[in-house]
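Work through the exercises below with the structure open. Try each task before you read its solution.

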Amino acid sequence: MKKWIGLAVVIAVLIQACDKVYPPYMETNNTPTPTDSVVQKVIIEEFTGHLCPNCPEGSEVAHQLEHLYPGRVFIISIHAGYFANLQSPNYLTDYRCATGNELYNVFQPQSYPIAMINRISRNGSMLVNKDGWAPLVDSLIHTTPTIKIRSTKQFNPSTSTLQATLDFIFLQNTNKKIMWCAYITEDSLVSYQKNNNSALGPTPDIPNFPHNDVLRGSINGTWGDTLISTPVMAGDTIKKSFQYSFGTVSWNLNQTHIIVFVYDLDTKQILQAEKFSVK
Amino acid sequence: MKTIIIPILLFIFISEKSFPQSEWQVSGDVQMDAQYYLEDSLIGANKVNEKILSNNYFNLYLSRGSLNMGIRYENFSNPMLGFDPRLKGSGFPYKFIEYKFPTLTITAGNFYEQFGLGLTLRSYEERSLGFDNALEGIRIQSHPWKGFYLKALIGQERLFFSKAEGILRGADFEINLNEVFDSLKQKPFQFTFGGSVVSRYQVDKDPIYKLPENVLTWALRYNLGYNNLRWNNEFAYKYNDPNATNGYIYKEGNALISVITYTRKGLGILLGAKRADNMDFRADRTLTGLAGMINYVPAMAKIHAYSLSALYPYVAQPNGEMAFQGQISYNIPKKTRLGGKYGMDINIQYDLSHAIKKKPISDTIPIGQKGTDGYISPFFGIGKERYFEDATIEIFKKISPKLKGMLSYVYIVYNSLASEGHDYGTFYNHIGILDLTWKITSKHALRFEAQHLYKEQHDKNWASLLAEYSFSKGWFFSLGDIYNYNNPDPTHRNHYYTVNLTRTFNSTRISITYGKIREGISCVGGVCRYVPASYGFSLSINTSF
């Protein structure tokens with residue numbers, strides 16, 4: 001009888017080991033970010049492509065995080081690799097760019113959608129599948145930033161030229177070698193997208209999918225320029241400025257943004273980021 | 001290495017103290033699979049930088065008295081194509097110590113386990129898939145009285161060379177009434193029943209959704225028998241488990257397996273039905289593919305052994321499937337008009353797999369919307385989408401003392417999107433197979449296989465020929481080709497030829513193969529892995545001691 005009691009106790013305990021979650025299923029405890037505080041910001045560099053049927057799900061996750069942490073999560077959609085190839089008759093809009101192709105060749109994503117979250121390396125890889133983005137973004141958001149980026153800009157519409165000045169304010173002493181980089185993204189590009197999730201749109205093709213945060217290129221190259229190579233003290237500010245002419249590109253500059261970020265040259269980890277519109 | 005040496009020393013010490021009179025027993029096995037890859041752009045066999053890839057396993061078991069111990073070394077340097085690249089590396093992922101008391105067995109370390117049919121828990125190894133979800137923890141198995149069987153365990157699942165994040169807790173009981181009551185021992189009526197519970201704990205780090213940290217499944221089962229008739233049933237239920245495989249919906253899961261069998265001399269009949277809804281249960285809610293599976297929803301389809309009938313295999317759909325199976329095996333006795341001098345065996349099998357019926361939970365929420373209850377599904381509702389259908393008839397006939405044969409017709413409907421994620425549509429395959437074996441002498445035999453697959457879709461028709469010569473007891477030589485002769489694209493009318501030499505002796509098997517492998521999927525029990533096209537030499541060595 002004792003053995004039966006033992007079994008009954010084991011089963012009773014196990015049956016208790018269950019959490020029933022009731023609607024609403026979404027968390028509601030996030031608070032808006034104060035605009036003047038120094039907070040850690042996070043970049044989701046998502047490898048995607050219009051031929052990738054699972055990518056609308058990835059896009060949805062990334063945008064949920066962007067809305068959850070307004071002004072603190074920036075998305076860069078890198079259209080590269082097989083899924084970004086052109087295909088007749090509907091997939092003839094080319095979202096690939098040299099910067100995206102270089103990132104693809106270096107980081108070699110094997111399955112889509114997949115992303116780098118501040119280029120944090122875990123278990124030897126920076127690539128995280130979409131189900132791992134939210135916990136990682138959440139953990140990074142709550143870390144203490146080491147750098148603040150402040151930007152001022154001026155756009156000359158007659159020459160389509162952007163003039164920007166960046167202040168990189170160090171909040172801690174550091175002896176890391178740090179690079180700075182500025183990527184260009186464009187929103188609201190509407191074209192076909194493969195899809196296999198009927199909850200997100202028609203399958204197998206969404207004819208008018210809004211492609212947002214599409215990586216268009218870089219201001220100062222895929223890997224950027226040196227910000228510091230010698231130790232700096234907390235409170236030090238390093239100034240950088242750039243001028244970029246958009247020339248005759250067909251991009252909608254009202255929907256175009258610059259994402260500036262700094263990263264540790266040794267680990268490649270992104271330490272801080274900022275985003276501003278071109279116009 | 002300490003994790004290996006310390007348990008071995010402990011094992012030797014305890015066994016020396018506890019069972020000085022008992023003898024040591026040592027057993028084990030070795031498996032080495034390697035391939036030298038060549039490039040072939042025609043079939044899509046890409047360059048492999050390493051040129052040689054291999055999967056290697058070495059099991060060693062020690063026992064003395066009531067003590068058992070085992071370790072396994074694995075080496076994937078690097079994993080062969082088609083196996084998960086995360087297997088890369090080497091180590092001792094499987095090691096255990098087990099002690100058997102008269103009514104109790106305790107296992108510490110790694111172990112495999114299955115509760116019932118596996119709807120709540122099935123931990124097993126399938127090397128052909130690169131699959132191993134061994135548990136690491138503690139297991140207690142008890143047999144307190146006649147007919148009573150109890151199990152309880154706690155642990156984490158293997159995930160390549162580490163462990164999955166979730167912690168699993170489980171228990172199972174089974175009672176066999178015919179063993180419990182002596183008066184029922186000789187009765188034609190037989191009854192066993194049982195049940196199991198498994199719970200997974202995984203911390204919720206998601207900032208968007210409220211995820212259940214403890215997810216529970218339970219199952220009840222019984223097996224009822226009367227003379228030659230058996231009725232086996234298991235029902236399982238899973239509480240809300242939003243995960244990567246179900247698109248993070250909060251709907252509960254359920255599954256039912258019901259199988260009736262009847263057997264008597266010369267006749268076997270099987271009827272089965274299955275429903276599975278949202279029953280994919282993982283040791284980490286973010287895992288997909290073959291990684292981290294906790295349970296197993298049994299396949300309800302015939303396992304085909306011939307190359308063309310296995311070209312489009314059945315793939316289980318644990319998150320939504322209604323399946324039916326019927327099978328009759330009949331032996332036509334010898335010296336009858338149909339049976340002739342030697343008799344004849346006939347197998348007829350029919351399998352059907354469909355989606356489950358799904359309705360939206362409201363007019364404004366599409367089916368499967370993330371972060372909702374997903375959908376409503378009536379328990380007996382069958383969806384329109386057909387995943388798989390198989391109608392097979394096989395006739396086995398001994399023609400003369402030296403010649404026997406098998407003739408088969410197979411009709412397979414294969415949904416390429418549901419089965420492998422390729423949007424090539426549904427294939428309707430008609431396959432004919434002839435297999436003849438000529439026993440030349442007691443040591444020499446020649447086997448000949450001819451197959452043809454006809455279909456209108458995708459890459460259209462295939463043909464296959466194989467000749468296998470076995471000689472000198474333990475030697476096999478085979479030459480075969482599978483030819484996609486009717487591919488609409490003439491540049492893809494590829495031959496996939498293979499030449500193989502195999503030697504078996506004692507408990508050792510060595511096999512060398514040269515040839516080409518077609519891109520596709522390989523499945524065992526409805527669990528599948530992708531097989532890329534490859535070309536080259538392969539070597540396989542298996543031995544046990």
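**Exercise 1.** What is the mean pLDDT of chain B, and what percentage of its residues reach 70 or more?

*Solution.* Keep in mind that this is a predicted model. The mean pLDDT of chain B is 94. A value of 70 or more is reached by 99% of the residues in chain B. For the complex, the predictor reports an ipTM of 0.79 and a pTM of 0.86.

**Exercise 2.** Describe chain A by its secondary structure, its span and its contacts.

*Solution.* Begin with the secondary structure: chain A has four helices and 14 strands. Next take the span, which is about 90 × 55 × 35 Å for the C-alpha trace along its principal axes. Then turn to burial: of the 279 residues in chain A, 38% are buried. Last come the contacts with a separation of 6 or more, of which 71% in chain A are between residues 24 or more positions apart.

**Exercise 3.** Find the side of chain B that touches chain A and sort its residues by class.

*Solution.* First count the residues on each side: 33 residues of chain B are in contact with 27 residues of chain A. Then look for the strands involved. At least two residues of this side come from each of β11 (148–159), β12 (162–176), β13 (189–201) and β14 (214–226) of chain B. Finally sort by class, which gives 17 nonpolar, nine polar and seven charged residues on the side of chain B that touches chain A.

**Exercise 4.** Locate a cis peptide bond in chain A and one in chain B.

*Solution.* In chain A, a cis peptide bond links A:Y112 to A:P113, with omega about -5°. A:P113 sits in the loop between α3 (98–107) and β3 (114–117) of chain A. In chain B, a cis peptide bond links B:S77 to B:N78, with omega about -25°. The loop that holds B:N78 runs between β3 (67–76) and β4 (89–100) of chain B.

**Exercise 5.** B:N227 and B:H458 each have a positive phi without being glycine. Place each residue and decide whether it is buried, partly exposed or exposed.

*Solution.* Start with B:N227, whose phi is about 50°. B:N227 is in the loop between β14 and β15 (229–238) of chain B. It has 11 C-beta neighbours inside 10 Å; the cut-off for exposed is 12 or fewer, so B:N227 counts as exposed.

Now take B:H458, with phi near 50°. B:H458 is in the loop between β23 (445–454) and β24 (462–471) of chain B. Because B:H458 has 15 C-beta neighbours inside 10 Å, it counts as partly exposed.

Terms used
Residues numbered from 1 in each chain as written. Chains lettered and ligands numbered in written order. Predicted model: local features only at pLDDT ≥ 70, side-chain atom pairs only at ≥ 80, totals over all residues. Contact = placed C-beta atoms within 7 Å. Nonpolar A, V, L, I, M, F, W, Y, C, P; charged D, E, K, R; others polar. Buried ≥ 20, exposed ≤ 12 C-beta atoms within 10 Å, placed from the backbone. pLDDT = per-residue confidence, 0-100.
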